[in-house]
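Please open the structure in a viewer and keep the sequence panel visible. The stops below are meant to be selected in turn.

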Amino acid sequence: MASSRITPFPLYGWVPFRGNLYQITRGEVFRGDRLYNLGRYVGERYDERVLVNHWELLENMEELASYRIGDHARHAAFGTVVVVKRCWRFSEGRIIYHISTSTGPAARERCWQEQLSACAHARDPLH
């Protein structure tokens with residue numbers, strides 16, 4: 001049976017919301033229908049704070065990602081690379097990719113999304 005636990009986003013971390021980056025100022029659990037939802041207040045001023053559902057913030061992060069796991073991309077220093085993993089860095093409000101380089105099977109590096117560009121390879125249709 002799958003776990004229903006989720007790890008809440010860290011307080012004062014940067015998250016995308018409505019096209020901008022906002023800092024999480026406070027967390028709260030609120031009741032919606034029959035489920036308890038995990039929410040985060042985003043916004044810097046008290047009168048601008050908005051309670052946002054955890055899953056909505058997660059979807060916004062997903063929309064900002066240009067590459068999926070298994071995609072081929074081009075890196076200036078390493079050439080063609082494969083995306084192995086991607087993570088959101090709350091301290092910076094950016095996506096970091098773990099990439100596999102062609103220098104060896106265990107050679108992995110990290111890079112920011114801005115360091116990658118589209119590759120001529122087509123995206124894997126299964127992903």
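**A tour of the sheet and one loop**

Begin by selecting H75 together with L116, its bridge partner in β9. Strands here are DSSP runs of E of at least two residues, numbered from the N terminus. The model is predicted: local features need pLDDT of at least 70, side-chain atom pairs count only at pLDDT 80 or more, and totals for chains, interfaces and linings use all residues. Residues are numbered from 1 along each chain as its sequence is written, and side-chain values use heavy atoms, with hydrogens and water left out.

Next, select the whole of β5 (residues 72–75), where A73 and H75 lie on the covered face and H72 and R74 on the uncovered one. In a regular strand the side chains alternate between the two faces of the sheet.

Add β9 to the selection: three bridges join β5 to β9, and the two run antiparallel. Two strands are said to pair if DSSP finds at least two bridges between them.

Now add β6 (residues 79–89), which pairs with β5 in the antiparallel sense over four bridges. Within this pairing H72 stands opposite V82, and A73 stands opposite V81. Three residues separate β5 from β6, and the two strands form a hairpin.

Widen the view to the open sheet of five strands, ordered β8-β7-β6-β5-β9 with antiparallel pairing. Because β8 and β9 stand at the edges, each with a single partner strand, one side of each is left without a neighbour in the sheet. On average, neighbouring strands of this sheet are turned by 50° against each other, direction ignored; the axes are lines fitted to C-alpha atoms, and angles run from 0 to 180 degrees between N-to-C directions.

Move next to Q113, in the loop between β8 (108–112) and β9 (116–118). Is Q113 buried or exposed? Q113 is buried, with a relative accessible area of 16%; buried means under 20% relative accessible area, exposed over 50%, and partly exposed in between (1.4 Å probe, protein chains only). Select its contacts (heavy atoms within 4.5 Å): Q113 touches L64, A65, S66, I95 and Y97, not counting residues up to four places away in sequence. A polar atom of the Q113 side chain lies 3.0 Å from the backbone oxygen of L64.

Finally, colour the chain by pLDDT, the predictor's confidence in each residue, from 0 to 100. The chain has a mean of 76, and 67% of its residues reach 70 or more. Confidence is highest in β7 (residues 94–100), at a mean of 90, and lowest in β3 (residues 35–42), at 58. Where pLDDT is low, the predicted coordinates should not be read in detail.

Methods
A polar contact is a pair of N or O atoms within 3.5 Å; within protein, one must be able to donate a hydrogen and the other to accept it, and residues adjacent in sequence count only if both atoms are side-chain atoms.
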